[in-house]
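Hi everyone, thanks for coming. I'll walk you through a structure I've been looking at, so have a look at the screen.

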Amino acid sequence: MGYRRSDTSRTSLYDAERIARGREQLDKSQCYLLDMDQTLARYRTPAVYELVHRALLSFMVDNKGYPAALKEVAFEPGFCLKGLVFDTETGDVLKIDEHGAICRARHGFAAPFLTQEQVKAKYPGGLWPKFQKMVNRERGDFFLFNTLFDVPVALVCARLVDNEDASRESRDAKGHQAAYAFLPHLFEALEHTYGPPAFGERRGLFFPSLLASPSTFLWK
């Protein structure tokens, strides 16, 4: 799990010693492995968010036969917030507080935010039932968006929920819709966009766009 704001209250002598030991080990290292999330470059966040949104939806249209209109939908930066959760069973994008209470909920993108009454009707007590699973870092039928490169995926999920809801009629015996079919395709889109060979092969839309116009996406 990445750095959490609440961790700032837990700094200890052990942490300082561990950091010092890490610096000594870096001096002896022959190579370094770094992630992309603000490590070597300072990104222009809104532009990168829009590029991720466009790259993933373009993959879905060009490689998976999704409606071409998805490539034309407007990017909505207000939907891109760290800490959002996508519940893959309900198709809802959720904002959860530290106790698991649902602060805001939205089904897809086109529909308005759910009212508190609607939230409590859908989630008993207004609590998200998978919260503890997320806290325990267990895998489950949800996604947590908290990095520069996956925050825009919440908006992509919302767009794809709208697309699938418009054409779906299948429901189970309790009246719930079956699992969303776009999820495996979205995983493929993410792998195609961010997988280890993506940069070297200049595949997809993300890295080629970044390389073609660095000043658009990076601060000097």
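Quick bit of vocabulary before we start: when I say helix, I mean a DSSP run of H or I with at least four residues, and the helices are numbered from the N terminus. Keep that in mind for Gly-65, which comes right after helix 2 and has a positive phi, near 75°.

Now, this is a predicted model. The chain has a mean pLDDT of 83, with 77% of its residues at 70 or more. There are weak spots, though: pLDDT stays under 50 over residues 1–21, and also over residues 170–175. The model has 5 contacts beyond four places in sequence for residues 1–21. Where pLDDT is low, don't read the predicted coordinates in detail.

Okay, helix 2. How far apart are its end C-alpha atoms? They're 28 Å apart, and that agrees with the expected span, because 20 residues at 1.5 Å a residue should give 28 Å. Plenty of residues in helix 2 are buried, including Val-48, Tyr-49, Leu-56 and Phe-59. Among the things covering the buried residues of helix 2 are strand 1, helix 5 and helix 6.

So let's move on to helix 6. It has 13 residues and reaches 18 Å from first C-alpha to last, close to what's expected. Which residues are buried here? Phe-182, Leu-183, Leu-186, Ala-189 and Thr-193. Looking down the axis of helix 6, those buried residues fall within an arc of 110°, so they line one face of the helix. And what do they pack against? Helix 2 is one of the partners, and others include strand 2, strand 5 and helix 7.

Methods. Residues numbered from 1 in each chain as written. Predicted model: local features only at pLDDT ≥ 70, side-chain atom pairs only at ≥ 80, totals over all residues. Heavy atoms only, no water. Helix = DSSP H or I, 4+ residues; strand = E, 2+ residues; numbered from the N terminus. Expected span 1.5 Å × (residues − 1). Buried < 20%, exposed > 50% of the residue type's maximum accessible area, 1.4 Å probe, protein only. Contact = heavy atoms within 4.5 Å. pLDDT = per-residue confidence, 0-100. Arc of directions from axis to C-beta.
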